[in-house]
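Q: Got a minute to go through this one with me? I'd like to start with the charges and then wander a bit.

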Amino acid sequence: MGFKKDFIWGAASSSYQIEGAWNEDGRGLSVWDVFCEKEGAVLNGEHGKVACDHYHRFKDDVLVMKQMGLKAYRFSVSWPRVLPEGTGRIESRGIDFYSSLVDELLEAGITPFPTLFHWDYPYELFCRGGWLNDDSSEWFAEYTSALVEALSDRVENWFTINEPRIFVNLGHVTGTHAPGIKLSRRDILRIIHNVLLSHGKSVKVIRDQAKTPSKIGIAPVCHVAIPHQETAENIELARKIMFSCQESEFPDWSNTWWLDPLFFGSYPEDGLELAQGLMPKMGPDDMKIISQPLDFFATNHYQGYVVEPDKVNGWNVKQPQTGQPLTAFSWPVVPEGLYWGPKFLYERYGKPIVITENGMSNLDWVHSDGKVHDPQRIDYTRRYLLNYKRAASEGVDLMGYFHWSIMDNFEWNQGYKERFGMVYVDFQNQNRIIKDSGHWYRDVIAANGENL
Ligand code: GCO
């Protein structure tokens with residue numbers, strides 16, 4: 001069995017990474033605007049002030065998506081564009097932008113899949129304590145409500161939060177992403193709880209207030225453990241590692257710490273042991289709020305890690321082989337992750353899977369024939385999709401796939417160095433060129449993946 005007939009083929013982006021127009025039409029500051037001002041925070045002192053200038057060019061960009069035959073587009077909404085102070089006053093020009101984008105997409109036959117939060121947190125809320133403030137989930141619910149009011153007559157699919165563990169960890173533990181602070185484990189546990197509550201309250205707002213029936217998910221990234229050999233024993237080992245909390249990566253990197261509350265309504269026991277004495281106060285209904293029913297299991301996936309048994313430690317992460325394939329970002333290419341990840345996650349959480357991001361950065365440039373040839377991206381995507389398809393053939397319910405990214409963009413603290421797009425962006429003049437991979441993807445979409 002291949003991909004279902006109604007399989008969703010899409011591509012993804014996020015607001016701060018592509019929009020630009022950072023101080024236009026009443027937009028408030030985000031923590032990323034401020035982080036980029038800090039010396040040394042971002043490669044070459046780059047920032048998202050202009051980025052892909054998508055705010056002004058969204059109509060042309062939707063046209064490109066149409067040429068590529070996309071069925072769906074995952075974008076994110078900039079919270080401070082809609083609520084410049086994070087709460088309170090709604091900026092109608094910000095709302096209008098997303099409303100027009102939705103109209104343009106629908107007219108092109110492309111289904112909009114907005115993500116409510118993809119890291120560009122309102123600076124004003126950060127100044128009020130950000131995610132550490134126990135009101136933060138109410139702020140997120142208020143923001144959700146403003147968007148649902150504006151878009152839910154036409155939008156049916158929603159993602160609440162993108163990769164929560166990444167912005168919590170890089171933004172608040174290592175300090176390498178905005179807001180660039182380093183907090184204690186106790187603080188992080190409180191932040192995680194507030195982020196989970198924000199998600200839950202947001203889901204409830206969408207269900208209660210949407211004008212059309214909604215499908216809702218969250219878009220986490222998961223650590224995917226891949227068995228080094230396909231034997232029952234090794235598969236069981238990988239499964240066990242993937243769904244347990246290890247001291248070394250707790251709490252921010254533990255899959256179950258983030259996922260079990262959402263789907264089972266409780267933190268995992270092994271994590272609670274590690275968190276002893278450090279947990280925030282919880283309300284009696286918190287877990288009920290956090291575990292609002294979801295319609296699918298969305299997840300971003302780039303790289304899994306191969307695990308093998310070890311006599312001393314029980315298991316080990318297999319060390320990279322010399323000369324192993326790497327992307328331009330030096331991320332290992334491990335296509336099997338798109339089989340094992342969906343398979344293990346489906347077994348445990350029982351929801352249809354949608355890959356909300358997958359892709360690679362490549363050393364792309366415009367070749368002398370005026371085209372952008374990116375055979376590595378084609379091969380990478382093909383290999384990952386074939387593994388994904390294998391999961392489908394074994395009965396895993398797969399709903400869709402969004403490639404990261406529709407276009408080259410601002411790759412956070414790496415500035416513009418890492419090109420992830422299927423569409424090339426010339427950052428000097430904002431010209432777009434569909435790369436070879438974009439043309440290839442159009443054919444894959446047209447054949448529903450039968451030609452892979
Ligand atoms: C993430 C984000 C994207 C990135 C992409 C490539 O996963 O970090 O969702 O914004 O650009 O993943 O790193």
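**Charges, shape and core**

Q: How far apart are the mean positions of the positive and negative charges?
A: They sit 2 Å apart, taken over 45 positive and 60 negative charges. Keep in mind that this is a predicted model.

Q: OK, and the surface: how much accessible area is there, and what share belongs to carbon and sulfur?
A: About 17600 Å² in total, with 49% of that on carbon and sulfur atoms.

Q: Switching to shape, what are the spans along the principal axes?
A: The C-alpha trace covers about 55 × 50 × 45 Å.

Q: How does the radius of gyration line up with a compact globule?
A: It agrees: a compact globule of 452 residues would come out near 22 Å, and the protein has 21 Å.

Q: What's the secondary structure count?
A: There are 16 helices and 13 strands.

Q: And what share of the residues is buried?
A: 60% of the 452 residues.

Q: Which residues touch the most other members of the largest nonpolar core?
A: Trp-32, Trp-79 and Tyr-388, in a core of 144 residues. Helix H9, residues 185-209, gives the most to this core, with nine residues.

Q: Why would such side chains end up together?
A: Nonpolar side chains tend to be buried together in soluble globular proteins.

Q: Back to Trp-79, what does it touch beyond four places away in sequence?
A: Among its partners are the aromatics Phe-117, Tyr-121, Trp-131, Trp-139, Phe-140 and Tyr-143. Trp-79 also touches Gly-86, Asp-120, Pro-122 and Leu-125.

Q: Last one: of contacts between residues at least 6 apart, what share joins residues at least 24 apart?
A: That's 77%.

How values were computed
Residues are numbered from 1 along each chain as its sequence is written. This is a predicted model: local features need pLDDT of at least 70, side-chain atom pairs count only at pLDDT 80 or more; totals for chains, interfaces and linings use all residues. Side-chain values use heavy atoms; hydrogens and water are left out. Helices (H or I, at least four residues) and strands (E, at least two) are DSSP runs, numbered from the N terminus. The radius of gyration is taken over C-alpha atoms; the globule rule is 2.2 Å times the number of residues to the power 0.38. Buried means under 20% relative accessible area, exposed over 50%, partly exposed in between (1.4 Å probe, protein chains only). Contact means heavy atoms within 4.5 Å. Accessible areas come from the Shrake-Rupley method with a 1.4 Å probe; for residues, only the protein chains shown count as cover. Lys and Arg count as positive and Asp and Glu as negative; His and the chain ends are not counted. The place of a charge is taken as NZ of Lys, CZ of Arg, CG of Asp or CD of Glu. A nonpolar core is a set of buried Ala, Val, Leu, Ile, Met, Phe, Trp, Tyr and Cys residues joined through side-chain atoms within 4.5 Å.
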